[in-house]
Amino acid sequence: MSRALSRSLAEATVQPLNQPVPNSPEEGRDVSFEAQVIAAYGRHLQVRDATGACHDARPFGRKMHCVCGDQVRCERDAAHGEVHVLEILPRTSVLSRSTLRGEAEPVVANLSLVVVVFAPLPSPDLFIVDRYLCAASSAGLRALVLLNKDDLLDGVPAEELTAGFSAAGYPVLRCSTTRSAGLTPLHDALRNETAVFVGQSGVGKSSLISALVPQSQIATGELDRDAEGRHTTTSSRLYDLPGGGHLIDSPGVRDFAPAIDTLEPRSLGFPEVDRLGVSCRFQDCQHLREPACAVREAAENGSFDARRYESYRRLRRLYAQLREARGPQRNTGGRGQRE
Ligand SMILES: Nc1nc2c(ncn2[C@@H]2O[C@H](COP(=O)(O)OP(=O)(O)OP(=O)(O)O)[C@@H](O)[C@H]2O)c(=O)[nH]1
Ligand SMILES: [Mg+2]
Ligand SMILES: [Zn+2]
């Protein structure tokens with residue numbers, strides 16, 4: 001087990017809900033039980049059972065890919081003092097990304113809301129925000145855009161960064177974790193949701209969760225300082241939100257590509273393209289160079305945010321590259337095959 005994870009799992013036992021199960025005679029029996037994956041670092045998992053007790057666990061079988069939020073059926077392996085995950089129960093939702101080979105990889109499961117966090121610092125990559133929003137839409141999930149560290153805007157109007165997202169129809173909130181500003185509307189938006197915080201490394205996802213879930217203070221122990229002095233979360237972890245709901249912290253990314261098979265092939269998950277595309281001359285318009293393309297015209301006349309349109313074009317190119325990287329598919333069941 002990696003140092004970071006073993007430390008993070010050890011720290012987790014300090015939390016009130018994360019008490020390890022005491023040894024008991026019953027423990028020797030191989031009893032199957034259901035639990036939720038509350039931390040995932042590759043194949044190292046922590047699961048929480050119905051009594052609230054937490055166990056270190058690992059998937060039984062090479063092909064099983066458990067993620068934070070999964071509901072699973074487990075069995076205690078008394079001989080080795082381990083808990084095995086035997087089965088992932090059906091997921092109500094899954095946020096997925098694409099690997100460089102174009103294969104879908106689940107990131108987090110059974111959530112209701114994706115919170116895409118960005119900040120003035122580190123220098124924001126709004127294309128990453130767009131692509132997370134597309135992944136959320138293709139997973140059938142609601143999404144919220146959160147501008148954190150608004151204390152660092154330095155005179156730049158927040159709207160310059162957020163207007164494209166609002167125009168697309170996404171709720172946008174802004175806050176400063178360090179100044180505890182704007183946290184009440186955020187708390188309200190998260191109540192009774194199971195929300196994942198995603199975004200670039202260093203935008204303040206873990207800080208936000210520490211602020212919203214006071215008992216999670218220990219989670220900052222999970223953060224490693226790299227050579228540049230930046231904090232980095234290495235495993236996804238689920239926290240209980242006081243007043244109802246759950247928040248999942250996730251490791252920051254340098255880049256993100258949505259899973260290509262779940263992306264809606266015409267709009268790639270851009271709601272504006274979906275809306276405007278019905279007026280294109282060609283039904284199979286890809287909104288690039290085709291004549292009488294309502295999407296491109298809207299971008300030219302300013303009624304569709306030009307940066308978001310550029311983001312759509314970039315994702316269209318990436319989509320083609322990833323499909324090529326993956327090669328021909330034997331199974332033609334995916335939505336992406338209908339193109
Ligand atoms: N100025 C300012 N700094 C903040 C704010 N929120 C977080 N920070 C700082 O930003 C740095 C990174 O915060 P983290 O919470 O570790 O960021 P993260 O998104 O979890 O990063 P990864 O785990 O690498 O993905 C820390 O030094 C925080 O103190 C804020 O609202 N304003
Ligand atoms: Mg973090
Ligand atoms: Zn078009």
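Pro 122 lies in the loop between strand β8, residues 113–118, and helix α2. The model shown here is a predicted one, and this loop is a convenient place to enter it. The peptide bond that joins Leu 121 to Pro 122 is cis, with an omega of about -5 degrees. Most peptide bonds are trans, and most residues other than glycine have a negative phi.

After the loop comes helix α2, which covers residues 126–138, and its axis comes within 10 Å of the axis of helix α8, residues 306–326. The two axes cross at roughly 70 degrees. An angle from 65 to 115 degrees counts as roughly perpendicular, and α2 and α8 are therefore roughly perpendicular to each other. Their crossing is right-handed. On the α2 side, the contact is made by Leu 126, Phe 127, Asp 130, Arg 131 and Cys 134. On the α8 side, the residues are Arg 307, Arg 308, Ser 311, Arg 314 and Leu 315. Sorted by type, the residues of this contact comprise 5 charged, 4 nonpolar and 1 polar.

The next loop to look at runs between strand β9, residues 142–147, and helix α3, residues 158–168, and it holds Lys 149. Lys 149 is not a glycine, yet its phi is positive, at about 60 degrees. Is Lys 149 buried or exposed? There are 23 other C-beta atoms within 10 Å of Lys 149. A residue counts as buried if that number is 20 or more, so Lys 149 is buried.

Asp 154 is also found in the loop between β9 and α3. Here the count is 7 other C-beta atoms within 10 Å. The limit for an exposed residue is 12 or fewer, so Asp 154 is exposed. From Asp 154 one can look back along the chain to Pro 120: the two residues are 34 apart in sequence, and their C-alpha atoms are 8.9 Å apart in space.

A further positive phi occurs in the loop between helix α6, residues 271–276, and helix α7, residues 294–301, where Ala 292 is placed. The phi of Ala 292 is near 50 degrees, a positive value in a residue other than glycine. Which side of the limits does Ala 292 fall on, buried or exposed? Ala 292 has 11 C-beta neighbours inside 10 Å and therefore counts as exposed. Of the two positive-phi residues described here, then, Lys 149 is buried, whereas Ala 292 is exposed.

Technical notes
Residues numbered from 1 in each chain as written. Chains lettered and ligands numbered in written order. Predicted model: local features only at pLDDT ≥ 70, side-chain atom pairs only at ≥ 80, totals over all residues. Axes fitted to C-alpha atoms, helices over the stretch in contact; angles between N-to-C directions. Helix = DSSP H or I, 4+ residues; strand = E, 2+ residues; numbered from the N terminus. Parallel < 35°, antiparallel > 145°, perpendicular 65-115°, else oblique. Left-handed = near helix turned anticlockwise from the far one by under 90°. Contact = placed C-beta atoms within 7 Å. Nonpolar A, V, L, I, M, F, W, Y, C, P; charged D, E, K, R; others polar.
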